[in-house]
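Let's take a walk through a protein chain together. Have a look at the model first, and then we will go through it step by step.

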Amino acid sequence: VIRCRAAVAWAPSKPLSVEEVEVVPPKAGEVRIKLVATGICQTDDHLLQGCFPNAEFPVIPGHEGAGIVESVGEGVTSMKPGDKVMPLCIPQCGECSFCRNPDSNYCQKSHIAEPQNLLPDKTSRFSCKGKQIHHFMWISTFAEYTVVPEYAVAKIDAAAPLDKICLFGCGFSTGYGAAINTAKVKPGSTCAIFGLGGVGLSVVMGCKAAGASRIIAVDINNDKFAKAKELGATDCINPRDLRKPVQEVLTEMTGQGVDYSFEAIGQADTMIAALASCNMNTGVCVMIGELDSGSEISIDPTGSEISIDPMLLLTGRTWKGTVLGGWKMRDCIPRLVSSYLEKKFNPDLLITHTLPFAKVNEGFELLRAGK
């Protein structure tokens, strides 16, 4: 049993508490990982606010990390102690109908299908003060050590800097893949990205890599625009500076509307605006943002609804969602990391602050402040 630090959420809407936890050894088919770095993502904040569907407290959050294998359970063959790895918030079991479908990157063992609050045998590997602590999406990267099923871990290049590529666990891969895989942005096309957080800026990078000729970045925070332009945006607009709806302005800027639009915020009104801003016949709108609890639409299966004019779709627009940018994670993450090492893209620019583990709550304050 390893005793180490972890940031525990004891209850919703409370600050994280850095505690000493006990992490038991991996069972058959599992891997125990020493986490070196983790990103903070909006999804973790949804969990802390009590908005993440079917999550259970107390829980160790975090789903965007990278580390080194400490030990492996019986039967694990794809990695060994000392290997650099990334735990994956979308597993790849290789057996379900989605994993066997070459066009799918979802896995039926993922949280949206069945909760990942406990490992597959329905027990936890974490305890604190004599209490069982739940996992988050099986991986709980806000712990110095975690235990994860082998099929939710990808072995990566030994040269990878873990404090940089931890973002590949969710934010960068999601945004970059939304452009490359989900929208399949074509060279010479026009794109609009709503929301310039880590995911939205990664969409900008994906659109640039795909050869888009015009990349219009949309955000209500002007401080985001310099970095968006550095990463490839050709235009930046703030809806608060406009005298008419942003979708009308985007349509005027491009003639017919953009070829591809991306919503990376998670609000009903921006989802409608993103859909309406792409051209009415061949335009593709990709929904990436996970929704706030106060929105009229939610990813939880409770029957929440959004009202749209059917004409927005009747003329031919495509409206689609993406999960982790369409990458089959175990197969693709090692290749993405190799592309990074070959300097094919530079997500290092997404990192604004690097904090010691004890300041994890300060990290969430920076996230909520849009910094």
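How much area do domain 1 and domain 2 bury between them? The answer is about 1200 Å², with 67% of it on carbon and sulfur atoms. Keep in mind, as you look around, that this is a predicted model.

To see where that contact comes from, let's find the two domains. The domain assignment gives domain 1 two stretches of the chain, 2-169 and 328-369, while domain 2 covers 175-323. Their C-alpha centres lie 28 Å apart. The contact takes 15 residues from domain 1 and 14 residues from domain 2.

Now turn to the side that domain 1 contributes. His46, Leu349 and Leu350 are the residues of domain 1 that lose the most area to domain 2, together 42% of what that side buries. Sorted by class, the side of domain 1 that touches domain 2 has 10 nonpolar and 5 polar residues, and no charged residues. Across the interface, 0 salt bridges are found, but 2 residue pairs are in polar contact.

Where, then, can you meet a salt bridge? Side chains of opposite charge can pair when their charged atoms come close. The structure holds 14 salt bridges. One of them joins glutamate 144 to arginine 5, and the closest N and O atoms of this pair are 3.0 Å apart. Glutamate 144 sits in the loop between β7 (131-133) and β8 (145-149), whereas arginine 5 belongs to strand β1 (residues 2-8), so the salt bridge ties together parts of the chain that are 139 residues apart in sequence.

The loop between β7 and β8 is also home to methionine 137. Its phi is positive, about 50°, although methionine 137 is not a glycine. Why point this out? Most residues other than glycine have a negative phi, and most peptide bonds are trans. That second habit has its exception here too: the peptide bond from phenylalanine 57 to proline 58 is cis, with omega near -10°. You will find proline 58 in the loop between α1 (42-48) and β4 (65-72).

Finally, let's add a label from a record. An unreviewed UniProt entry places the feature "domain: Alcohol dehydrogenase-like N-terminal" at residues 28-157. Over residues 28-157 the chain is 8% helix and 27% strand, and the C-alpha atoms at the two ends are 25 Å apart.

Note on methods. Residues are numbered from 1 along each chain as its sequence is written. This is a predicted model: local features need pLDDT of at least 70, side-chain atom pairs count only at pLDDT 80 or more; totals for chains, interfaces and linings use all residues. Side-chain values use heavy atoms; hydrogens and water are left out. Domain bounds come from an automatic or database domain assignment. Contact means heavy atoms within 4.5 Å. Buried area is the accessible area (1.4 Å probe) that two parts lose on being put together, summed over both. A salt bridge is a side-chain nitrogen of Lys or Arg within 4 Å of a carboxyl oxygen of Asp or Glu. A polar contact is a pair of N or O atoms within 3.5 Å; within protein, one must be able to donate a hydrogen and the other to accept it, and residues adjacent in sequence count only if both atoms are side-chain atoms. Ala, Val, Leu, Ile, Met, Phe, Trp, Tyr, Cys and Pro count as nonpolar, Asp, Glu, Lys and Arg as charged, and the others, Gly among them, as polar. UniProt positions are given in the numbering used here, feature names are shortened, and annotations may be inferred rather than shown by experiment. Helices (H or I, at least four residues) and strands (E, at least two) are DSSP runs, numbered from the N terminus.
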